[in-house]
Number of protein chains: 2
Amino acid sequence: MASQIQQNLVEKNKAYASSFTKSGLALPPAKKYAVVTCMDARIDPSSAYGISLDDAHAIRNAGGSARNALRSLVISEQLLGTNEILLVKHPGCGMLTFKNEDVKGVVEKNLGSEAAAEVKSWDFLPFSDLEEAVREDARYSNESKLIPEYVGISGWVYEVETGKVRTVEDR
Amino acid sequence: MASQIQQNLVEKNKAYASSFTKSGLALPPAKKYAVVTCMDARIDPSSAYGISLDDAHAIRNAGGSARNALRSLVISEQLLGTNEILLVKHPGCGMLTFKNEDVKGVVEKNLGSEAAAEVKSWDFLPFSDLEEAVREDARYSNESKLIPEYVGISGWVYEVETGKVRTVEDR
């Protein structure tokens, strides 16, 4: 039987599809950029970052990590023609609240030793300083041989408490 | 100087922040679920999948890959209390249009041999059959020791041409 979450998806989507008018959009993003931001539930990138349907690739993961996004960024640029990246992290991020050993401890406690062995060598990519983490991701992207020089890279902070974005880093 | 894309972010965000009323939301998603979907520019998960601000983690990457999302899913479940995952892929996905050797060839041609060497062992996670790819990601999630049995997993297809979602797989 469908869960409440699944029912919500089906019902809300029915309403969305009934007034859908955006057929025939091309595969590559019209505005040729990609946003990397956090999976955090308090962020709606379309509204908060002003991304209209078909404008941009939106890559989201825990912490908005550029490292974790690199596979997607290579596809975005090399196959789908994007040439600018916005990196956006936020205060109050879960990734500011734990260290690698903390999450590994929780995995071992909750999921057992086999699960713990699987994540033993993982970097969950937590960070302790928000703006430094934005700058570090911008540096990482700048230095990556997989992101060519012509790609614009900028780093931002989005404040989940105010809805405001501010710039941190720009190449 | 700020690019047009950056100016768009700043201007649209100013309007968004000026009517922002959602301070004080808790870090864990209120509806305790996570969505994994594609970075594709033609998808607005909030509207199309009925995700209100603070409902759910939204994880997005090229193809909506559960494998690429696993780090984020572990954090979502083990640290932030989510217990249901919706996996959503779409027809017309870029990942249906190339093979690993194609993207590696493009990287070598455009970015040179050092870049090619870096991605030599990579799996860019393309797929050739959409529904089978959804089922494969559901299987992968079901079988992962890092996703406990109590987590609900369902697989979906979102049609970018019609705005409609349909179910493929449910555990």
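How many residues of chain A are in contact with chain B, and how many of chain B with chain A? In this predicted model, 84 residues of chain A are in contact with 84 residues of chain B. The area buried between the two chains is about 7,400 Å², and carbon and sulfur atoms contribute 62% of that area. On the side of chain A, the greatest losses of area to chain B fall on Leu9(A), Met39(A) and Arg71(A); together these residues account for 11% of what that side buries.

Polar interactions between the chains comprise 33 residue pairs in polar contact, with both residues at pLDDT 80 or more, and the count of salt bridges between chain A and chain B is two. In one salt bridge, Glu114(B) is paired with Lys145(A), and the closest N and O atoms are 3.6 Å apart. Among the elements of chain A, helix α1 (residues 4–18) gives the most to the side that touches chain B, with nine residues. By residue class, that side of chain A divides into 44 nonpolar, 22 polar and 18 charged residues.

The arrangement of the two chains was examined by superposition. A turn of 180 degrees, with a shift of 0.0 Å along the axis, lays chain A on chain B with an RMSD of 0.0 Å. The chains are therefore related by a two-fold axis. Within chain A, the C-alpha of Arg60(A) is the nearest to this axis, at 2.3 Å from it. Both copies use the same surface, since 100% of the contact residues of chain A recur in chain B.

How values were computed
Residues numbered from 1 in each chain as written. Chains lettered and ligands numbered in written order. Predicted model: local features only at pLDDT ≥ 70, side-chain atom pairs only at ≥ 80, totals over all residues. Heavy atoms only, no water. Contact = heavy atoms within 4.5 Å. Buried area = accessible area lost by both parts, 1.4 Å probe. Salt bridge = Lys/Arg side-chain N within 4 Å of Asp/Glu carboxyl O. Polar contact = N/O pair within 3.5 Å; in protein donor to acceptor, adjacent residues only side chain to side chain. Helix = DSSP H or I, 4+ residues; strand = E, 2+ residues; numbered from the N terminus. Nonpolar A, V, L, I, M, F, W, Y, C, P; charged D, E, K, R; others polar. Least-squares fit on C-alpha atoms with pLDDT ≥ 70 in both.
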